[in-house]
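Visitor: Please take a close look at one part of this structure and set that part in the context of the whole chain. I should like the reasoning to be explicit wherever a residue is classed by its exposure.

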Amino acid sequence: MFADDPSQMPSPQDIQAMSGIEFMQGILNGTLPAAPIAQTLGYELHSIEPGRAAFRGAPGFSAMNPIGSVHGGWYGVLLDSA
């Protein structure tokens, strides 16, 4: 699930009331919306467990740089998410 507008995102207070793994499990099971950037860049949370967060995605044409390879920023966003 992705949020369509900022009002659908959990409040800072709601997030602070959860542990990090509870927050990520909420995204994985759909009770919390995924980060809007995930929809924009075509990736999603695949699994979460203590000490491990796995994301999967496939960069689209919009993630390409002028020489036809995937821009490093796309990978950076996945690393940032993890």
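Guide: A residue counts as buried when its relative accessible area is under 20%, as exposed when that area is over 50%, and as partly exposed in between. S47 has a relative accessibility of 17% and is therefore classed as buried. The model discussed here is predicted, and the part chosen for close study is the strand pair to which S47 belongs.

S47 is located in strand β1, which covers residues 43–49. The partner of β1 is strand β2, residues 52–57; the two strands pair in the antiparallel sense, and the pairing extends over six bridges. Within this pairing, S47 stands opposite A54 of β2, while E49 has R52 of β2 as its bridge partner. Two residues separate β1 from β2, and the strands form a hairpin. In the turn, G51 has a positive phi of about 80°.

When neighbours within four places in sequence are set aside, S47 is in contact with L28, R52, A53 and A54. Of these, R52, A53 and A54 fall within the range of β2, whereas L28 falls within the range of helix α2, residues 20–29. Another residue in the range of α2 can be related to S47 by distance: the C-alpha atoms of S47 and Q25 are 8.4 Å apart, and 22 residues separate the two along the chain.

Y43 also belongs to β1. At 5% relative accessibility, Y43 is buried, because that value is under 20%. The C-alpha atom of Y43 lies 3.8 Å from that of G57, although the two residues are 14 apart along the chain. Not counting residues up to four places away in sequence, Y43 touches I37, A38, F55, R56, G57, V77, L78 and S81. Three of these residues, F55, R56 and G57, are within the range of β2, and V77, L78 and S81 are within that of α4, residues 72–81. As background to any reading of these two residues, side chains in a regular strand alternate between the two faces of the sheet.

The strand pair also takes part in the largest pocket, which has a volume of about 190 Å³. Of the 14 residues that line this pocket, M24, I27, A34, A35 and F55 are the closest to its centre. Both α2 and β1 supply at least two residues of the lining. By residue class, the lining consists of 12 nonpolar residues, one polar residue and one charged residue. F55, already named as a contact of Y43, is thus also one of the residues closest to the centre of the pocket.

A34, another of those central lining residues, leads to the beginning of the chain. A3 lies in the segment before α1, residues 12–16. A3 and A34 are 31 residues apart in sequence, yet their C-alpha atoms are 7.0 Å apart. Beyond residues up to four places away in sequence, A3 touches Q8, M9, P33 and A34. A3 is buried, because its relative accessibility of 11% is under 20%.

The route from β2 towards α4 offers a contrast in exposure. M64 is placed in the loop between β2 and α4, and because its relative accessible area of 31% is neither under 20% nor over 50%, it is classed as partly exposed. Apart from its neighbours within four places, M64 is in contact with S69, V70 and H71. Its C-alpha atom is 8.9 Å from that of W74, which is 10 residues away along the chain.

The whole chain supplies the setting. It contains four helices and two strands, arranged along the sequence as α-α-α-β-β-α. Its C-alpha atoms fill a box of roughly 45 × 30 × 20 Å along the principal axes. Of its 82 residues, 23% count as buried, S47 and Y43 in β1 being among the buried residues. Among the chain's contacts with a separation of 6 or more, 40% involve residues 24 or more positions apart. The exposed area is about 5,600 Å², of which carbon and sulfur atoms supply 57%.

Notes:
Residues are numbered from 1 along each chain as its sequence is written. This is a predicted model: local features need pLDDT of at least 70, side-chain atom pairs count only at pLDDT 80 or more; totals for chains, interfaces and linings use all residues. Side-chain values use heavy atoms; hydrogens and water are left out. On a 1 Å grid over the protein atoms alone, a cavity is a set of points where a 1.4 Å probe fits but cannot get out, and a pocket is an open set with protein on both sides within 12 Å along at least five of seven lines; lining residues have an atom within 4 Å of a point. Grid points are joined across faces, edges and corners, and a volume is the space filled by probe spheres set on the points. Ala, Val, Leu, Ile, Met, Phe, Trp, Tyr, Cys and Pro count as nonpolar, Asp, Glu, Lys and Arg as charged, and the others, Gly among them, as polar. Buried means under 20% relative accessible area, exposed over 50%, partly exposed in between (1.4 Å probe, protein chains only). Contact means heavy atoms within 4.5 Å. Accessible areas come from the Shrake-Rupley method with a 1.4 Å probe; for residues, only the protein chains shown count as cover. Two strands pair if DSSP finds at least two bridges between them.
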